[in-house]
Amino acid sequence: MSTHSHPTPLRHLGPNWYATVMGTAIVASAGAALPVHAPGLRGAYEAVWALAVLLLLTLLAARAAHWGRHPDQARRHLGDPAVAPFYGCLAMAVLAVGGSTLSVGSGVVGERAAVAADAVLWVAGTGIGLAAAAAIPYLMVTRHRIAPGDASPVWLLPVVAPMVSAALGPALVPHLPAGQWREAMLLGCYALFGASLLATLVILPAVVARLIHHGPLPLALTPTLFLVLGPLGQSTTAVGNLADVAPGAVAAPYADALAGFAVLYGVPVMGFALLWLVLAAAMTLRAVRGGMGFAMTWWAFTFPVGTCVTGAAGLARHTGLTALTWVAVGLYALLVTVWALAAARTAAGLVSGRLLAAPRPAPPAPARAMARTT
């Protein structure tokens, strides 16, 4: 991830690398959101948060250098239907670090600085996310050439970014002036929730139809099936977080209704998320048996599972059900495991230089699969 004078490493640094920031930040914030707490864990969450901040700063610098030195490659990424959707990861990385700064980093930098940092990052991330949610589908319609069998869970990345804004925005509501400001923020987050949810409901049937009619994804892309969990877990998290702050922002009848909506929406959606998790895990095991090697797509195992942790934790908070607490804890154990695995393999790939090499010299099977993106 060096930005030194040698141009080759940066030339192939794509927007998908922001997934490392997302996956790391949510390990910290999901841990802080768990209904159970153990001594010493807070320090561990803070260390992971600091790592996420460092990763974000490093990648922002590296990607800026990429655009500056290799604008042809950057434009090619935007024109590639397999790569362009990953621009949604930039928005989610910025938002995830902002949210974890307030929920975890406040113990390190102080609450006032954490609120200010989160406010700036939330506004920036939301703006970038809305731009991606509009621009990438526009490019898909007008510029990209997409065959009937090309539908991919990666398509969800640009449109799920506003859902991350909807889930993390409520933490800022109590810090806004009472009255119009809080109500506007609350209802604005619900609008972001709706924009993302309805876009997801348009894309998801195409993804499922592609799987049914064209069979399993190429081996290297199999982990992207976990991306479907993102809008499911994040929307459940959003309605729970919004219901938490609604009493201070809107009148009592609406606040009560929103608390009910958090459970009535969240429980069925979490049920579907767990069903999809089983399906995606089964497909992944099949791919591993088929020889699936490490690729950056493994980071798809992290952030989406983290959103299910925060969603289940929110439901546990609103219902008081111990069973949901155990679901959240179990999912968090899975999150930490897959994050450690992806982080270790990524570090090894960086040291060897393989992950930043040109696509052609990469191991043939995953490279061919990634190029086909069927």
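For this tour, Ala, Val, Leu, Ile, Met, Phe, Trp, Tyr, Cys and Pro count as nonpolar, Asp, Glu, Lys and Arg as charged, and the others, Gly among them, as polar. The model is predicted, so local features need pLDDT of at least 70 and side-chain atom pairs count only at pLDDT 80 or more, while totals for chains, interfaces and linings use all residues. Residues are numbered from 1 along each chain as its sequence is written, and side-chain values use heavy atoms, with hydrogens and water left out.

Select Ser103, Ala167, Leu168, Ala171 and Asn241, which lie nearest the centre of the second largest pocket, among the 26 residues that line it. A pocket here is an open set of points on a 1 Å grid over the protein atoms alone, where a 1.4 Å probe fits, with protein on both sides within 12 Å along at least five of seven lines, and lining residues have an atom within 4 Å of a point. By class, this lining has 13 nonpolar, nine polar and four charged residues.

Next, select Cys89 and Cys308. Why is Cys89 in no disulfide? A disulfide is a pair of cysteine sulfur atoms within 2.5 Å, and the sulfur of Cys89 is 16 Å from the closest cysteine sulfur, in Cys308, which is too far for a bond. Cys89 is buried (under 20% relative accessible area, with a 1.4 Å probe and protein chains only), at 1%, and Cys308 also counts as buried, at 4%.

Finally, select Leu186, which touches Val173, Leu242, Val245, Ala246, Ala249, Val250 and Leu258, where contact means heavy atoms within 4.5 Å and residues up to four places away in sequence are not counted.

Key. Buried means under 20% relative accessible area, exposed over 50%, partly exposed in between (1.4 Å probe, protein chains only).
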